[in-house]
Amino acid sequence: MDDTTGTLDEALERIHLSGPERDGWLSNHAPMAVEALVRHGQASAVHRWLDRYGPKLEEMPDGTGSPVTARNWHEALGDPRRIADWTEHFERETAGRPWRDVLVEWWPRLLPGIAAGATHPVIRVGHSVRTLLTGEETAPRVRELAHALGYWAARHQPLPALALLDAAPSAAAALDRVPLVPEQSGGIRDRFAQLTAFPDWPGPLPGEGQGPLPGQEPGLLPEQGQGQGQGQGSASAPARETASAEAARYALRELVRASTHRYATHAHGSPIMLVHAATAPNAVLRTLPALPGELWAPSLRASWAASAAVTAAYAPRDAAPTPAATGAADASELFARAAAHGDDHTIKFADTALDVGDALAFSAARRAIELNPPMF
């Protein structure tokens with residue numbers, strides 16, 4: 001649904017006076033939270049929410065005086081001192097070209113660093129793209145994509161090289177088999193540095209060979225039609241690419257559902273951080289319609305790496321009892337509870353739980369409301 005109140009654009013203009021981080025490295029969640037609030041009928045609460053959250057934010061840092069360009073972007077990638085330089089770069093890019101073209105060019109460059117910034121940059125991109133796909137392409141909304149991409153580029157940092165463990169039959173089983181890091185203490189970068197291996201999931205997709213290991217740079221699909229007879233290969237290549245893309249989207253939906261459900265029984269390990277095991281892959285799922293099909297399989301594999309990394313870093317060893325099945329509560333009422341609670345992570349997780357849409361996902365959203373400290 002599109003915002004006809006003008007609230008979202010007003011809120012984004014307020015937010016864009018601030019940088020993407022505060023207190024050294026904490027993320028600015030305002031653009032993601034207000035997008036979810038507006039989308040789920042809570043536009044009237046947005047400015048009050050920003051009035052409460054806004055004092056935490058800091059101004060956009062100064063640029064270095066050395067613009068990011070087509071020639072030097074490699075050396076600037078992953079340099080958080082250049083957040084302003086990257087933001088200005090993407091503001092120029094999206095002002096001069098369609099935003100979809102910019103996204104498609106940069107998505108495969110940024111995807112290997114999906115877990116950077118505790119996955120907040122890709123989550124911010126996902127909220128932005130959802131707005132642009134479903135509503136009017138206003139200047140503040142396009143600028144929000146530029147800010148989100150700039151944040152991702154500045155914080156870009158791939159996971160360590162990882163070994164591949166035995167195959168798992170489902171996303172839920174794969175998450176259950178993720179080895180927890182030895183020392184679940186310290187910051188997220190210290191925890192991610194301890195990662196060594198993830199279960200093999202989902203395995204090769206129809207139409208593709210074995211994909212890259214989680215944490216390794218995803219590549220495009222292999223050349224289509226190799227080993228086929230003339231005519232047969234060219235005719236079957238689009239079909240194989242379509243099959244691979246659709247299988248990737250199906251598996252990504254499964255991952256979002258499994259990670260959302262798992263929050264209901266494992267959130268007590270780290271109620272804030274474990275939100276991202278679900279919201280990060282869901283951000284990618286929301287972005288797929290703006291991307292060509294050949295990028296869907298690499299996007300799935302990067303999403304699995306991000307979700308598994310957060311799980312390894314923060315999940316508890318023991319699950320809590322599964323919440324009693326009380327039936328699917330009214331979605332509007334559930335999100336209204338999250339909005340009244342006010343915590344930014346809780347709002348974003350409830351937004352993802354509504355996308356999943358079943359009783360256990362709603363129970364997980366209620367769990368977030370119970371465990372996370374309220375803003376109001």
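**Salt bridges and aromatic pairs**

Arg141 and Asp9 are both buried (relative accessible area under 20%; exposed is over 50%, partly exposed in between; 1.4 Å probe, protein chains only). The model is predicted, with local features taken at pLDDT of at least 70, side-chain atom pairs at pLDDT 80 or more, and totals for chains, interfaces and linings over all residues. Numbering runs from 1 along each chain as its sequence is written, and side-chain values use heavy atoms, without hydrogens or water.

Arg141 and Asp9 are also partners. Their side chains form a salt bridge, with 2.9 Å from N to O (Lys or Arg side-chain nitrogen within 4 Å of an Asp or Glu carboxyl oxygen). This contact joins distant parts of the chain. Arg141 belongs to helix H8 (residues 139-155) and Asp9 to helix H1 (residues 7-15), 132 residues apart. Helices are DSSP runs (H or I) of at least four residues, numbered from the N terminus. In total, the structure contains 18 salt bridges.

A second bridge joins the side chains of Glu35 and Arg130, at 2.7 Å from N to O. Here too, distant parts of the chain are linked. Glu35 sits in helix H2 (residues 30-39), while Arg130 sits in helix H7 (residues 120-134), 95 residues apart. Both positions are buried: Glu35 has a relative accessible area of 4%, and Arg130 has a relative accessibility of 9%.

Next come Asp351 and Arg286. Their side chains meet in a salt bridge of 2.7 Å, N to O. Asp351 is part of helix H15 (residues 344-356) and Arg286 is part of helix H12 (residues 276-287), so the bridge ties together parts that are 65 residues apart in sequence. Asp351 is buried, as is Arg286. These contacts belong to a wider arrangement. Salt bridges link Glu35, Arg39, Arg130, Arg286, Asp351 and Asp355 in a network.

Aromatic side chains were examined next. The whole structure yields nine aromatic pairs (Phe, Tyr and six-membered Trp rings, centres within 6.5 Å; planes under 30 degrees apart stacked, over 60 edge-to-face, the rest tilted). The Trp49 and Tyr53 rings are stacked, because their centres lie 4.7 Å apart and their planes stand at 15°. Both residues lie in helix H3 (residues 46-53). They are four residues apart, about one turn of the helix. Trp49 is buried, and Tyr53 is buried too.

Trp107 and Trp152 make another pair. With ring centres 5.4 Å apart and planes at 85°, this pair is edge-to-face. The two residues connect distant parts of the chain. Trp107 lies in helix H6 (residues 99-110), and Trp152 lies in helix H8, 45 residues apart. Trp107 is buried at 1% relative accessibility. Trp152 is buried at 0%. Helix H8 thus recurs: Arg141 and Trp152 both lie in it.

Ring pairs also build a cluster. Its members are Trp73, Trp86, Phe90 and Trp106. One of these rings, that of Trp106, carries a further contact: Arg109 lies over its face, 4.5 Å from the ring centre. Similarly, the charged end of Arg48 sits over the ring of Phe376, at 4.2 Å from the centre (Lys NZ or Arg CZ within 6 Å of the ring centre and within 35 degrees of the ring normal).
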